[in-house]
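Let's take a walk through this protein together, moving from its overall layout to a few individual residues. Have the viewer open and follow along as we go.

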Amino acid sequence: MPQITYREAIRHALADELTRDENVVVLGEEVANFHGAYKVTEGLLEKFGPKRIVDTPISEAGFIGMGVGASMLGIRPVMELMFWSFYSVAFDQILNNAANVRYMSGGQICCPIVIRGPANGGTNVGATHSHTPENVLANHPGVKVVVPSTAYDAKGLLKSAIRDNDPVFFLENTILYGEKGEVPDEEYLIPLGKADVKREGTDLTIVTYGRSVIHSLKAAEVLEKEHDISVEIVDLRTIRPLDIDTVLASVKKTNRVLIVEEQKPFASVGSQLSHMIQREAFDHLDGPIHRLATVDAPAIYSPPVEVEQLPNPNRIIKAAIEAVA
């Protein structure tokens, strides 16, 4: 099976869906001539032409609004945000219009739009470019929120997202764009709302998603070799809908749980998970639910300080040891 980068996997998914369905279009800041801020759309303009790969002004409210309107008329726009941190500029278009239109029209109007782009911290670009908005987005009924951790998942999940009839917010961790993984050339889809057990274990369940999956896998190797702790890792892959059944099955197997996320801890995805686990699996827990999140402060430019703000293998190892103590 060929190995390609996370960036290339997303590009392949876009190319596949542009080929399969003539209603799919890609719009965003510099996605055509400049190939996107992180070169995800490289080569698509040459292959599919300027009517389907379209540069937009740097005006998130304007071009997201245009995509929402186009989706209501049968087009399937894939909108690229240069950074997800700027989603708040288009808050009305994303959450007041796209998320609500199917409910407000009694199911008569769908909004099959995908909004995708880089998110999260770790690139030393400061507080205004390092947001993790999945908890805010997932708070709204009517949308789906996807956070892939591997190249394989990114391709399969994005293809499913483009074919979905609801708004799908696709958050790509900036640090992962260069990470390689095995991705088949042939057609495959990964259903939205289905978690994946990335590693089997017996002593502790780590529930996580995005880049924290990679950190957790590295931590699990050390925990097994140096501390004799067997860790099972559940990758949520989709934040909404949330596959709580897979999480609960793992917790009932290991009886201890650590939630790892690149969010601030207050009112985060981990907060919701903690509530659901204690409600549905309280009698199976042998200890309190532990959480590891980003330090509750704006992202800082300093590289060594930002590393310590975010979850990393060393912080996960320490939290896991506390969780099984």
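What follows goes from the domains to the cores, and then to some helices, loops and side chains. Please keep in mind that this is a predicted model.

Start with the broad layout. The domain assignment divides the chain into domain 1 (3-182) and domain 2 (196-324). Taken over C-alpha atoms, the centres of domain 1 and domain 2 are 26 Å apart. Where the two meet, domain 1 puts 29 residues into the contact and domain 2 puts in 25 residues. An unreviewed UniProt entry carries the annotation "domain: Transketolase-like pyrimidine-binding" for residues 4-179. Within residues 4-179, the chain is 36% helix and 17% strand, and the C-alpha atoms at the ends of this stretch are 8 Å apart.

Now look inside. In soluble globular proteins, nonpolar side chains tend to be buried together. Here, the largest nonpolar core holds 44 residues, and the members that touch the most others are Ile64, Trp84, Ile94, Ile115, Leu137, Phe169 and Val247. Helix 10 (residues 269-281) supplies the largest share of this core, with five residues. Where does the core sit relative to the two domains? Both domain 1 and domain 2 give residues to the core, so it lies between them.

Leu137 is a good residue to click on here. Beyond its neighbours within four places in sequence, Leu137 is in contact with Trp84, Tyr87, Ile94, Leu95, Val143, Val145, Phe169 and Leu171. Apart from this core there is another one, of 34 residues, including Ala9, Val78, Leu176 and Tyr188.

Next, find helix 7 (residues 151-163). Its 13 residues span 19 Å from the first C-alpha to the last, close to the expected 18 Å. Is helix 7 largely enclosed or largely open? Of its 13 residues, 11 are buried, so helix 7 is largely enclosed by the rest of the structure. The buried residues of helix 7 include Leu157, Leu158 and Ile162, and also Asp153, Lys155 and Lys159.

One of those residues, Asp153, leads us to Asp235, since the two are in contact. Asp235 is part of strand 11 (residues 231-235). Its relative accessibility is 0%, so Asp235 counts as buried. What does the side chain of Asp235 meet in there? A polar contact of 2.6 Å links it to the side chain of Ser149. A polar atom of the Asp235 side chain also lies 3.1 Å from the backbone nitrogen of Arg237. Setting aside neighbours within four places in sequence, the other contacts of Asp235 include Ala195, Asp196, Lys198, Thr208 and Tyr209.

The backbone around here deserves a look too. Most residues other than glycine have a negative phi, and most peptide bonds are trans. Arg237, in the loop between strand 11 and strand 12, has a positive phi of about 65° although it is not a glycine. Arg237 counts as buried because its relative accessibility is 8% and the cut-off for buried is under 20%. Asp228, in the loop between helix 8 (211-227) and strand 11, also has a positive phi, near 55°. Asp228 is exposed, with a relative accessible area of 68%. A little further along the chain, a cis peptide bond with omega of about 0° joins Arg240 and Pro241. Pro241 falls in the loop between strand 12 (238-240) and helix 9 (244-254).

That loop brings us to helix 9. Its buried residues are Ile244, Thr246, Val247, Leu248, Ser250, Val251 and Thr254. These residues pack against strand 9 (196-199), strand 10 (204-208), strand 11, strand 13 (257-260) and helix 10. Val247 appeared earlier, among the core members that touch the most others.

Finish at the end of this helix. Thr254 belongs to helix 9, and its 5% relative accessibility means that it counts as buried. The side chain of Thr254 reaches the backbone oxygen of Arg256 at 3.1 Å. Not counting residues up to four places away in sequence, Thr254 touches Gly201, Thr202, Asp203, Leu204, Thr205 and Glu232. Just after helix 9, Asn255 takes a positive phi of about 70°.

Key: Residues are numbered from 1 along each chain as its sequence is written. This is a predicted model: local features need pLDDT of at least 70, side-chain atom pairs count only at pLDDT 80 or more; totals for chains, interfaces and linings use all residues. Side-chain values use heavy atoms; hydrogens and water are left out. A nonpolar core is a set of buried Ala, Val, Leu, Ile, Met, Phe, Trp, Tyr and Cys residues joined through side-chain atoms within 4.5 Å. Buried means under 20% relative accessible area, exposed over 50%, partly exposed in between (1.4 Å probe, protein chains only). Helices (H or I, at least four residues) and strands (E, at least two) are DSSP runs, numbered from the N terminus. Domain bounds come from an automatic or database domain assignment. Contact means heavy atoms within 4.5 Å. The expected span of a helix is 1.5 Å times one less than its number of residues. A polar contact is a pair of N or O atoms within 3.5 Å; within protein, one must be able to donate a hydrogen and the other to accept it, and residues adjacent in sequence count only if both atoms are side-chain atoms. UniProt positions are given in the numbering used here, feature names are shortened, and annotations may be inferred rather than shown by experiment.
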